[in-house]
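Biologist: I am new to this structure and would like to learn how to read it feature by feature. Could you take me through it slowly?

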Amino acid sequence: MTSTPARPKQTGVSLTQDAWRRLRRSWPAMTALWTLVVVVVLAFFTPLLPLQPPDADNTPLMFAEPTLSPLWVDTFDFDPALIEAGQELMPEARERLRAARRQFRAAESPTEDEAEALYRELAQARAGVSALVQRPYADAGYPRLDPLARWMVRARHAAFGEWQVNSVWGRDKLGRDILSRVFWGARVSLIVGFVATLVSLVIGVTYGAVSGYAGGWVDDAMMRVVDVLYSIPFVFLVIFIISVLSEDSVKERLATYGIDRITIFYFVVGAIYWLTMARVVRGQVISLRNEQYIEAARSLGVSRAAIVFRHLVPNLLSIVLVYLTLTIPRVILFEAFLSFLGLGVEPPDVSWGLLANEGIQVITPVKTYWWLIVFPSLAIGVTLFALNFLGDGLRDAFDPRMKGR
């Protein structure tokens, strides 16, 4: 009688399970994780919250100090009837847009003046459609909203009616509520951080993995390119690119394709933060490319691209994840710096850096409006500290030397 061989006992947990166990034991990392979860959730659901519209102009209450009495006010001015009125005019506006597109595509070898006129007509047609969609929300004091945010505003109006939270964090020079603007600024700042970091992630991981696996003169040439790019002062480069793209004629031409400055900002910032990621990934790939499972894949005839992206890159996810959490705060801080200089996010959009810039402009020796600086700076500081603590916790959790501790 043959006996079934006994299954080997599991002597330890996997790296992911062990890393998660160590992460849960680190109270700073877990506190940072839950802080980020709260910040992201509140930022995402901001249109649903009973906050005052961030662009609602209430000049008579300019520089009003923070107050908790009363906590609720019934001053939310949103008219759903304007949505139905806009829908009645929408077919005509869309037909004008379709006509402008047909005319734009049918133009063959137009002169510079004719091309400029076509761009202008197309931009005006797009603006007409957008104005009909955004008007009910703009009249209430909201910036340009995407479809999901517009639905959230309607749901908020259905749930809370005209009630909204009073200015518990004070008001700015136009009487706009600071609490609301900090929440709405979180949406832009976090999106800039995540999108720009993902752009840098895609470029850096691909570039570093290809360079490390190729080796030889290909690796040397690719790394020399990285060295040259490292020598460029990126602050001045980004300022130059954004300044050029913000020129009126260029800005108008990009607007015809639905590209605004904040979209350019996402990719420009992301395109300059991939260098360190590329170096980190390259070093890890060099250490893994001669492992036995890579040699086995080569002997089976697996292509180089498949080895890099199906076997090497998945084994680098822990390193990439750690560096990702450390890159996001750098990008957010860089966006705040550029917005503080007036070269990042531009009104009517709002970000934490833009709020800090507005606060600095009104601080004088005569009167200090402390709430214009304290609350935006506090939001930036808490988020950056949480991201850095989480990055440190992940780095320690995925460190093999910490296993078993």
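Modeller: What follows is a walk from the overall picture to helix pairs, cores and a few single residues, and please keep in mind throughout that this is a predicted model.

Biologist: Let us begin with the whole: how many helices and strands does the protein have?

Modeller: The protein has 16 helices and two strands, and its C-alpha trace spans about 85 × 65 × 60 Å along the principal axes. Of its 405 residues, 42% count as buried. Among the contacts with a separation of 6 or more, 79% are accounted for by residues 24 or more positions apart.

Biologist: Next I would like to read a pair of helices; at what angle do the axes of helix 3 and helix 4 cross?

Modeller: In general, two packed helices are described by the angle between their axes and the distance between the axes. Here the axes of helix 3 (residues 81-106) and helix 4 (residues 112-140) cross at roughly 165° and come within 9 Å, which makes helix 3 roughly antiparallel to helix 4. The crossing in which helix 3 passes helix 4 is left-handed. As for the residues of this contact between helix 3 and helix 4, 17 are nonpolar, three polar and seven charged.

Biologist: For helix 11 and helix 14, is the crossing left-handed or right-handed?

Modeller: The axes of helix 11 (residues 275-288) and helix 14 come within 11 Å and cross at roughly 160°, so helix 11 is roughly antiparallel to helix 14. The crossing of helix 11 past helix 14 is right-handed. From helix 11, the residues Thr276, Met277, Val280, Val281 and Gln284 meet Ile319, Val320 and Tyr323 of helix 14. Sorted by class, that contact has six nonpolar, two polar and no charged residues.

Biologist: Now to the interior: how many residues does the largest nonpolar core have?

Modeller: The general idea is that, in soluble globular proteins, nonpolar side chains tend to be buried together. In this model the largest nonpolar core has 38 residues, and those with the most contacts inside it are Tyr142, Leu145, Trp352 and Leu372. At least two residues of this core are supplied by each of helix 2 (27-44), helix 4, helix 5 (147-160), helix 6, helix 14, helix 15 and helix 16. Helix 16 gives the largest share of this core, ten residues. There is also a second, separate core of 26 residues, which includes Met222, Met223, Phe265 and Ile272.

Biologist: Which residues does Trp352 touch?

Modeller: Leaving aside residues up to four places away in sequence, Trp352 touches Val182, Gly185, Ala186, Ser189, Pro376, Ala379, Ile380 and Thr383. Trp352 is also one of the buried residues of helix 15, together with Gly353, Leu354, Leu355, Ala356, Asn357, Glu358 and Gly359.

Biologist: Why is helix 15 described as largely enclosed by the rest of the structure?

Modeller: Because eight of the ten residues of helix 15 (residues 352-361) are buried, this helix is largely enclosed by the rest of the structure. Its buried residues pack against helix 6 (178-214), helix 14 (317-341) and helix 16 (371-397).

Biologist: Within that helix, is Asn357 buried or exposed?

Modeller: A residue counts as buried when its relative accessible area is under 20%, and Asn357, at 13%, is therefore buried. Residues up to four places away in sequence not being counted, Asn357 touches Ser339, Phe340 and Gly342. The C-alpha atoms of Asn357 and Val302, which lie 55 residues apart along the chain, are separated by 54 Å.

Biologist: Which residues of helix 13 are buried?

Modeller: In helix 13 (residues 304-312) the buried residues are Ala306, Ile307, Val308 and Leu312. What covers them includes helix 6, helix 11 and helix 12 (292-299).

Biologist: Finally, I would like to read the backbone; which residues does a cis peptide bond join?

Modeller: As a general rule, most residues other than glycine have a negative phi, and most peptide bonds are trans. In this model a cis peptide bond joins Ser69 and Pro70, with omega about -5°, and Pro70 lies in the loop between helix 2 and strand 1 (72-73). Phe63 is likewise placed in the loop between helix 2 and strand 1, and its phi is near 60°, a positive value in a residue other than glycine. Phe63 is buried, with a relative accessible area of 18%.

Notes: Residues are numbered from 1 along each chain as its sequence is written. This is a predicted model: local features need pLDDT of at least 70, side-chain atom pairs count only at pLDDT 80 or more; totals for chains, interfaces and linings use all residues. Side-chain values use heavy atoms; hydrogens and water are left out. Axes are lines fitted to C-alpha atoms, for helices over the stretch in contact, and angles run from 0 to 180 degrees between N-to-C directions. Helices (H or I, at least four residues) and strands (E, at least two) are DSSP runs, numbered from the N terminus. Angles under 35 degrees count as roughly parallel, over 145 as roughly antiparallel, 65 to 115 as roughly perpendicular and the rest as oblique. A crossing is left-handed if the near helix is turned anticlockwise from the far one by less than a right angle, and right-handed if clockwise. Ala, Val, Leu, Ile, Met, Phe, Trp, Tyr, Cys and Pro count as nonpolar, Asp, Glu, Lys and Arg as charged, and the others, Gly among them, as polar. Buried means under 20% relative accessible area, exposed over 50%, partly exposed in between (1.4 Å probe, protein chains only). Contact means heavy atoms within 4.5 Å. A nonpolar core is a set of buried Ala, Val, Leu, Ile, Met, Phe, Trp, Tyr and Cys residues joined through side-chain atoms within 4.5 Å.
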